[in-house]
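Got the model open in your viewer? Let's take a short walk through it, one selection at a time.

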Amino acid sequence: MIMKLNTTSHRDIQSVNSQVIWDQIYAYFVKNYDKNHNREKSGAQQKRRVRQNIKTKVMKICKGIERGESVEEILKKVADYVSTLFKVAVEIKIGSFHHKSGCDDEVDNYIGGGKGEENDDSKTDDSKTDEINNDNNVKTNENNDNWSTEDYESEEQEKVLQSSPKRFKRWKVVESEVDINKRRLENANAQIKRLENFNRAQSDTISVLKEKNASLSHRNAEYTKLKIIQQLGERRSTLMVDASLFSKTFHCGDQLMQEQDSTIIDPESFKVAKKVSLASGTFSNSEKAVFPDGDSVVIKSLNGSFGMQALAVASHEHRILTFLGVHPNIVQTIGLVQFSNNFAHILNFETGWTLQHEIDKKFVMSLDKLKQHILGISSALQHLFSKGVLHNNLVASNIILTDRTKPILMGFTFACRESCGKAKVEDVLKLFSNQSHFAPELFRGSKVTYSSDIYSFGILLQRILKRPSSFSLEDVLKTRLECIAQHCVEKSRGKRLPHLFLQSRLIAIIENS
């Protein structure tokens with residue numbers, strides 16, 4: 001018999017599409033083979049195994065095209081294999097070329113020219129096919145194989161096909177290691193390019209935001225500066241106080257201090273003065289200005305520790321000294337002056353050394369100086385308490401000793417009213433290189449109080465009592481002063497000496513000794 005190989009495209013003819021060959025072999029031979037084996041009561045698994053073996057062999061033969069074999073040679077090998085397997089003479093030829101509308105179209109040609117034949121071959125081809133089929137039928141009957149169109153269309157065959165399990169095995173193309181690595185590399189490079197583009201876009205956005213932030217910061221600084229300059233010479237009673245201007249101090253701004261009058265001095269008056277640099281502090285630089293008539297003043301300028309807040313802090317220091325008024329042991333303020341867009345605080349000049357200088361040089365102290373130092377400092381501190389003001393930085397470097405005897409309290413940069421103190425001042429404490437004079441509770445989030453200044457006074461009193469002296473303290477006086485100092489530096493705030501009794505206790509001890 002002759003089996004015509006139907007093709008769906010010219011490409012199948014050229015490449016010997018093994019799947020097309022197998023589909024037609026399966027349709028005309030394997031189904032009949034399954035029917036015959038069904039009679040022998042073979043299992044479904046054995047049938048599938050036989051079909052798979054046949055398909056594998058056909059596929060292997062069709063791969064000969066890769067070895068340079070011709071189409072005719074491959075078809076002849078397939079025909080020989082099928083003839084041997086099914087014991088029938090089979091010749092496979094390539095049928096007419098038809099353009100099909102889809103890959104699921106049924107096969108038009110079949111063996112034997114039975115029912116359902118719909119190809120476009122001529123009548124001569126059909127008659128030849130009938131003769132070949134008749135010969136094949138004779139041979140088939142001799143071998144008891146009963147291959148006919150009627151058997152193919154029988155109900156028994158349909159039942160066998162329906163009863164057989166349908167299993168489909170998906171064939172997966174295995175990539176080589178080189179192809180896998182190449183594909184991974186391409187994916188990685190694509191991902192890197194996407195990330196580079198994303199980072200470039202983010203960098204551009206960040207640059208734009210930085211420029212906007214710098215512009216806003218500059219405008220805010222200029223606005224803050226102009227606002228402070230406007231407020232310096234004004235008496236304000238507004239309820240709103242800009243707390244951000246005092247973030248580096250122990251308070252959040254004070255409405256009462258804003259209501260104090262400020263004295264603005266004409267900078268032209270300092271052109272005739274001779275300026276001499278003085279020792280600079282941690283937060284300020286000082287100059288001595290000597291006028292032709294012999295008067296001297298101190299020009300105090302805050303350094304960069306406060307930034308744009310320096311104007312507000314200097315103004316606050318001037319107003320709080322104005323609020324305190326005149327006291328023999330407190331430095332006196334004169335006013336504010338503007339030099340090249342920078343405001344400075346003008347103070348009375350006090351001749352003398354600082355208490356810190358005398359302690360460092362180990363100057364010998366007399367009994368009279370000891371009493372004056374202790375009573376003068378306590379008097380200044382008691383005056384602050386009576387006004388409701390805290391110094392907040394009571395150290396030996398902020399005390400000037402005029403004629404090495406009379407103490408003058410200065411350094412009111414961090415001073416504020418007790419009612420305006422703020423909690424959580426740990427960031428402010430970090431501005432100080434020496435923090436030993438601060439009360440322990442300030443490091444735990446408490447706000448500044450009278451008790452915190454009492455603690456600082458106790459530390460200062462202990463340093464004064466350790467100075468070398470030209471006399472021997474009476475045991476009773478020394479013991480009492482040490483007890484006062486120890487009472488002031490108690491760790492617990494409630495156990496310290498009450499601020500209202502500080503000066504009276506010291507007077508009672510010193511004058512009665």
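**First stop: Glu-287 and its surroundings**

Select Glu-287 and leave aside its neighbours within four places in sequence: what remains in contact with Glu-287 (heavy atoms within 4.5 Å) is Lys-275, Val-276, Ser-277, Leu-278, Val-297, Val-298 and Ile-299. Before going on, some housekeeping: this is a predicted model, where local features need pLDDT of at least 70, side-chain atom pairs count only at pLDDT 80 or more, and totals for chains, interfaces and linings use all residues. Residues are numbered from 1 along each chain as its sequence is written, and side-chain values use heavy atoms, with hydrogens and water left out.

Glu-287 lies in strand 5; strands (E, at least two residues) and helices (H or I, at least four residues) are DSSP runs numbered from the N terminus. Is Glu-287 buried or exposed? Neither label fits, because its relative accessible area is 30%, which makes Glu-287 partly exposed (buried is under 20%, exposed over 50%, partly exposed in between, with a 1.4 Å probe and protein chains only).

**Next: across to strand 6**

Now add Ile-299, the bridge partner of Glu-287 in strand 6. Glu-287 and Ile-299 are twelve residues apart in sequence, yet 5.1 Å apart in space, C-alpha to C-alpha. Widen the selection to 284-290 and 296-302: these are strand 5 and strand 6, running antiparallel and joined by seven bridges (two strands pair if DSSP finds at least two bridges between them). Another facing couple here is Asn-285 and Ser-301. Strand 5 and strand 6 make a hairpin with five residues between them, and Gly-294 in the turn has a positive phi of about 100°.

How many residues of strand 6 are buried? Six of its seven, so to say mostly covered. On strand 6, also pick Val-297, which stands opposite Asn-348 in strand 8; strand 6 and strand 8 pair in the antiparallel sense over four bridges.

**Zoom out: the six-stranded sheet**

Show the whole open sheet: six strands in the order 3-7-8-6-5-4, with mixed pairing. At the edges are strand 3 (264-265) and strand 4 (274-277), each pairing on one side only. Then turn on helix 10 (residues 310-324), which lies across strand 6, strand 7 (333-339) and strand 8 (342-348) and runs at about 160° to strand 7. Axes are lines fitted to C-alpha atoms, for helices over the stretch in contact, and angles run from 0 to 180 degrees between N-to-C directions.

**Over to the three-stranded sheet**

Strands 9, 11 and 12 form an open antiparallel sheet in the order 9-11-12. Strand 9 (352-354) and strand 12 (406-409) each have a single partner strand, so one side of each is left without a neighbour in the sheet. The twist averages 30° from one strand to the next. Helix 12 (residues 367-386) packs on this sheet, touching strand 11 and strand 12, and its direction makes about 30° with that of strand 12.

**Last stop: a helix pair**

Select 450-465 and 475-488. These are helix 14 and helix 15, which pack at an angle of about 145° with their axes 7 Å apart. Color the contact by class and you get nine nonpolar, three polar and one charged residues (Ala, Val, Leu, Ile, Met, Phe, Trp, Tyr, Cys and Pro count as nonpolar, Asp, Glu, Lys and Arg as charged, and the others, Gly among them, as polar).
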